[in-house]
Amino acid sequence: MKGFDFDFLKVSLTDVADIIFVALLIYYIYNLIKNTLAVNLLLGMLIILIIWFAVEQLNMRLLSTIINKFMSVGIIALIVIFQPEIRRFLLMIGKNTFLQQNKAWWGYLFGSKNIERDNLVRIKPIIDACKSMKKSRTGALIVFVKFYDDQLFANSCEIIDSKISKRLLESIFQKYSPLHDGAVVIAENKIKSASCILPLTDNDKLPPQFGLRHRAGIGVSETTDAVAVIISEETGEIAYAKQGRVRMNVSFGELEKLLNKDF
């Protein structure tokens with residue numbers, strides 16, 4: 001009995017690595033675009049490609065010429081259309097590198113293990129302010145960024161550049177404060193700005209009870225490496241947004257752990 005001949009199927013270690021890298025790339029892209037308008041954009045582009053193929057086969061010259069002109073600027077169009085997703089993709093790669101994921105070990109090896117304890121001290125005024133605002137049901141949106149982008153924030157904010165304090169955060173979000181609308185941005189261990197207007201998320205699958213604060217917090221976490229703490233004015237519930245995803249009903253213990261990790 002003659003067996004099957006698999007000589008044509010020669011798989012090397014390079015091929016295996018190639019397949020793994022492509023799978024990882026697809027996984028990252030899927031995480032970036034799921035539950036966003038980018039899915040609809042990709043679907044629209046796929047439909048155009050199918051039409052283009054059909055037009056070429058049917059030899060429809062006029063329509064083929066029009067679509068060819070459109071396809072000739074496809075790469076530039078892709079960069080423009082998917083600029084937020086490309087930015088998030090590069091940020092995600094940077095945040096998941098070996099050095100970034102193991103920075104705690106590097107800190108320990110080089111004698112800076114006390115950074116984590118110092119971070120808890122910096123976080124305490126924020127946690128205390130959140131406790132007070134949750135109790136009084138004061139709506140708030142606090143955004144934490146690693147690098148303060150003047151172009152993104154300063155043009156739509158009131159610059160404060162002050163030390164982080166519980167009373168200052170409470171006074172900013174107090175109902176009759178002129179700065180209570182918008183977000184507070186914290187970076188470099190300072191309250192950098194307040195009353196910031198942020199981009200809203202395009203996600204159309206969010207719960208209907210999400211207001212502008214939630215949508216702005218999710219939106220800024222989609223387009224930058226920021227994380228956002230959102231306090232609902234209606235319920236006092238605390239939400240935590242990161243990379244376009246939101247965790248609801250966060251306890252103060254969870255909030256402390258999340259901020260200690262991300263801030």
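Student: Quick one to start: where is Q243 found?

Tutor: Q243 sits in the loop between β6 and β7. Keep in mind as we go that this is a predicted model.

Student: OK. Buried, partly exposed or exposed, that Q243?

Tutor: Partly exposed, because its relative accessibility is 24%, and the cut-off for buried is under 20%. Q243 also has a positive phi of about 50°, although it is not a glycine.

Student: Which residue in the loop between β3 and β4 has a positive phi like that?

Tutor: N189 is one, with phi near 60°. N189 counts as partly exposed, because its relative accessibility is 38%. E188 also takes a positive phi, near 55°, in the hairpin of β3 and β4, where 2 residues lie between the strands.

Student: Since it's predicted, how confident is the model on average?

Tutor: The protein chain averages a pLDDT of 78, and 74% of the residues score at least 70.

Student: And where is confidence lowest, and where highest?

Tutor: The lowest is helix α6, residues 98-101, with a mean of 46. The highest is strand β5, residues 227-231, at 94. Over residues 97-101 the pLDDT stays under 50, and the model has 6 contacts for them beyond four places in sequence.

Student: Changing topic to the sheet. How many strands, and in what order?

Tutor: There are 7 strands in an open sheet, ordered β2-β4-β3-β1-β5-β6-β7, with mixed pairing. The edge strands are β2 (158-163) and β7 (245-247), each pairing on one side only. From one strand to the next, the twist averages 20°.

Student: What holds paired strands together in general?

Tutor: Backbone hydrogen bonds, and the strands can run either parallel or antiparallel.

Student: So which way do β5 and β6 pair, parallel or antiparallel?

Tutor: Antiparallel, over 5 bridges, with β6 covering residues 238-242. A228 stands opposite A241 in β6.

Student: Which helix packs on the sheet around there?

Tutor: Helix α12, residues 252-262, packs on the sheet and touches β1 (140-144), β5, β6 and β7. The direction of α12 makes about 25° with that of β6.

Student: What about β4, how many of its residues are buried?

Tutor: 6 of its 7 residues are buried, so β4 is largely enclosed by the rest of the structure. β2 pairs with β4 in the antiparallel sense over 4 bridges, and K163 stands opposite K190 in β4. β3 is joined to β4 by 4 bridges too, also running antiparallel. There, the bridge partner of I186 is I191 in β4.

Student: Say I click on S193. Which strand is that in?

Tutor: S193 is in β4, which spans residues 190-196. S193 is buried, because its relative accessible area is 0%.

Student: Which residues does S193 touch?

Tutor: Leaving out residues up to four places away in sequence, S193 touches Y148, C157, E158, I159, I160, A183, V184 and V185.

Student: And A140, buried or exposed?

Tutor: Buried, because its relative accessible area is 0%. A140 lies in strand β1. Beyond its neighbours within four places in sequence, A140 is in contact with M133, F173, R213, V229, I230 and I231.

Student: How far is A140 from L169 in space?

Tutor: 9.1 Å from C-alpha to C-alpha, with the two 29 residues apart in sequence.

Student: Which residues of α10 are buried?

Tutor: L169, I172 and F173 are buried in α10. They cover an arc of only 85° around the axis, so they lie on the same side of α10. In general, an α-helix has 3.6 residues a turn, so residues three or four places apart point the same way.

Student: Last one. Where is S177, and what does its side chain reach?

Tutor: S177 lies in the loop between α10 (166-173) and β3 (183-187). The side chain of S177 reaches the backbone oxygen of S171 at 3.4 Å and the backbone oxygen of I172 at 3.1 Å. S177 counts as buried, because its relative accessible area is 11%.

Definitions and conventions
Residues numbered from 1 in each chain as written. Predicted model: local features only at pLDDT ≥ 70, side-chain atom pairs only at ≥ 80, totals over all residues. Heavy atoms only, no water. pLDDT = per-residue confidence, 0-100. Contact = heavy atoms within 4.5 Å. Buried < 20%, exposed > 50% of the residue type's maximum accessible area, 1.4 Å probe, protein only. Pairing = 2+ DSSP bridges. Axes fitted to C-alpha atoms, helices over the stretch in contact; angles between N-to-C directions. Polar contact = N/O pair within 3.5 Å; in protein donor to acceptor, adjacent residues only side chain to side chain. Arc of directions from axis to C-beta.
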